[in-house]
Amino acid sequence: MLLELGVSTSHEAIRHCAENRVLVLWTGEAGTRLYAASGVHANPDRLLPQARLHDAPRARVEAAGRLYALMFGDVPPPSHSIEKLRGIEGARVRACYAEHARSYGLEWDGRASGSALQQKISYATGCLYSCAEIAVLLLGFSPALGVIHRGDRRSFAYDLADSVKFSLLMSEVFAWSATHGPLPYAEVRRRCRDLFRSASA
């Protein structure tokens with residue numbers, strides 16, 4: 001059960017949900033934020049293979065390669081470690097940002113620049129990460145057991161979100177910057193909300 005803004009409930013209702021193993025998520029519109037979760041019950045049929053994959057280096061590299069292919073639309077070069085794939089991915093991501101900037105006639109000097117464009121990218125990516133974490137929880141997986149990412153409570157959510165970040169979101173963010181200039185966080189969230197809803201329709 002997803003409770004968006006403006007929904008109120010009672011302690012008794014949430015108690016009944018917990019007793020009946022109903023997952024309750026308090027979210028922003030269209031999953032642009034995840035504020036809290038109640039009654040999280042990982043599905044053993046999915047969690048156990050996920051945990052085995054997390055601790056199997058060769059299988060993790062193969063799975064990371066599949067995520068890479070989703071993210072960039074091609075097969076990554078052969079790799080024997082997650083670290084090597086991360087390095088390849090980082091270089092491709094930097095090139096993608098630079099290419100998007102050129103396409104929209106924007107200046108780009110890296111994600112650490114603190115520019116209005118970088119700020120919009122951070123805002124929009126945060127919305128996508130929340131949406132991915134909601135999907136992971138709804139499917140009964142653990143958000144913490146990532147493939148490429150590790151050591152964060154949302155590692156798997158980062159993996160899934162990054163696999164669609166460029167195909168779904170980044171061209172839109174650069175287009176917003178080219179046509180509207182600086183945008184406040186609330187406006188970026190609203191635009192992400194509309195984009196996520198249209199993409200799932």
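I will start inside the model: Ala 64, Leu 67, Tyr 68, Met 71, Leu 85, Arg 86, Glu 89, Ile 148, His 149, Asp 159, Asp 162 and Ser 163 line the largest cavity. A cavity here is a set of points on a 1 Å grid, over the protein atoms alone, where a 1.4 Å probe fits but cannot get out, and lining residues have an atom within 4 Å of a point. H3, H4 and H6 are the elements that give two or more residues to this lining. H3 gives the most, with four residues. By class the lining of the largest cavity divides into six nonpolar, two polar and four charged residues. For the classes, Ala, Val, Leu, Ile, Met, Phe, Trp, Tyr, Cys and Pro count as nonpolar, Asp, Glu, Lys and Arg as charged, and the others, Gly among them, as polar. The volume of the largest cavity is about 90 Å³, where a volume is the space filled by probe spheres set on the points, with points joined across faces, edges and corners. The count is one cavity of 30 Å³ or more.

Before going on, the ground rules. This is a predicted model, in which local features need pLDDT of at least 70 and side-chain atom pairs count only at pLDDT 80 or more, while totals for chains, interfaces and linings use all residues. Residues are numbered from 1 along each chain as its sequence is written, and side-chain values use heavy atoms, with hydrogens and water left out.

Now the chain as a whole. Its secondary structure comes to seven helices and three strands, which are DSSP runs numbered from the N terminus (helices H or I, at least four residues; strands E, at least two). Along the sequence the pattern reads β-α-β-β-α-α-α-α-α-α. The C-alpha atoms fill a box of roughly 55 × 45 × 30 Å along the principal axes. The radius of gyration is 18 Å, which agrees with the value near 17 Å for a compact globule of 201 residues; it is taken over C-alpha atoms, and the globule rule is 2.2 Å times the number of residues to the power 0.38. Buried residues make up 41% of the 201, where buried means under 20% relative accessible area, exposed over 50% and partly exposed in between (1.4 Å probe, protein chains only). Of the contacts with a separation of 6 or more, 58% are between residues 24 or more positions apart, a contact being heavy atoms within 4.5 Å.

Next, helix H4. Its 22 residues, 82–103, should span 32 Å at 1.5 Å a residue, and the end C-alpha atoms are 31 Å apart, which agrees. The expected span is 1.5 Å times one less than the number of residues. Which residues of H4 are buried? They are Ile 82, Leu 85, Ile 88, Glu 89, Val 93, Cys 96, Tyr 97, His 100 and Ala 101. These pack against helix H3 (57–72), helix H5 (116–139) and helix H6 (155–180).

Glu 89 deserves a separate word. This residue of H4 counts as buried because its relative accessibility is 12%. Leaving aside neighbours within four places in sequence, Glu 89 is in contact with Tyr 68, Met 71, Phe 72, Ile 148 and Asp 162. Just after H4, Gly 105 takes a positive phi of about 65°.

A second buried residue to look at is Gln 50, in helix H2 (residues 44–54), with 7% relative accessibility. Beyond neighbours within four places, Gln 50 is in contact with Phe 141, Ser 142, Leu 145 and Phe 156.

On to the largest pocket, which holds about 180 Å³ of space. A pocket is an open set of points with protein on both sides within 12 Å along at least five of seven lines. H5, H6 and helix H7 (185–200) are the elements that give two or more residues to its lining. H5 gives the most, with five residues. The lining has 11 nonpolar, one polar and no charged residues.

Last, two backbone points. Most residues other than glycine have a negative phi. Arg 21, in the loop between helix H1 (11–19) and strand S2 (24–27), has a positive phi near 60°. Ala 30, in the loop between S2 and strand S3 (34–38), has a positive phi near 55°. Are these two residues buried or exposed? Arg 21 counts as exposed at 58% relative accessibility, whereas Ala 30 is buried, with a relative accessible area of 15%.
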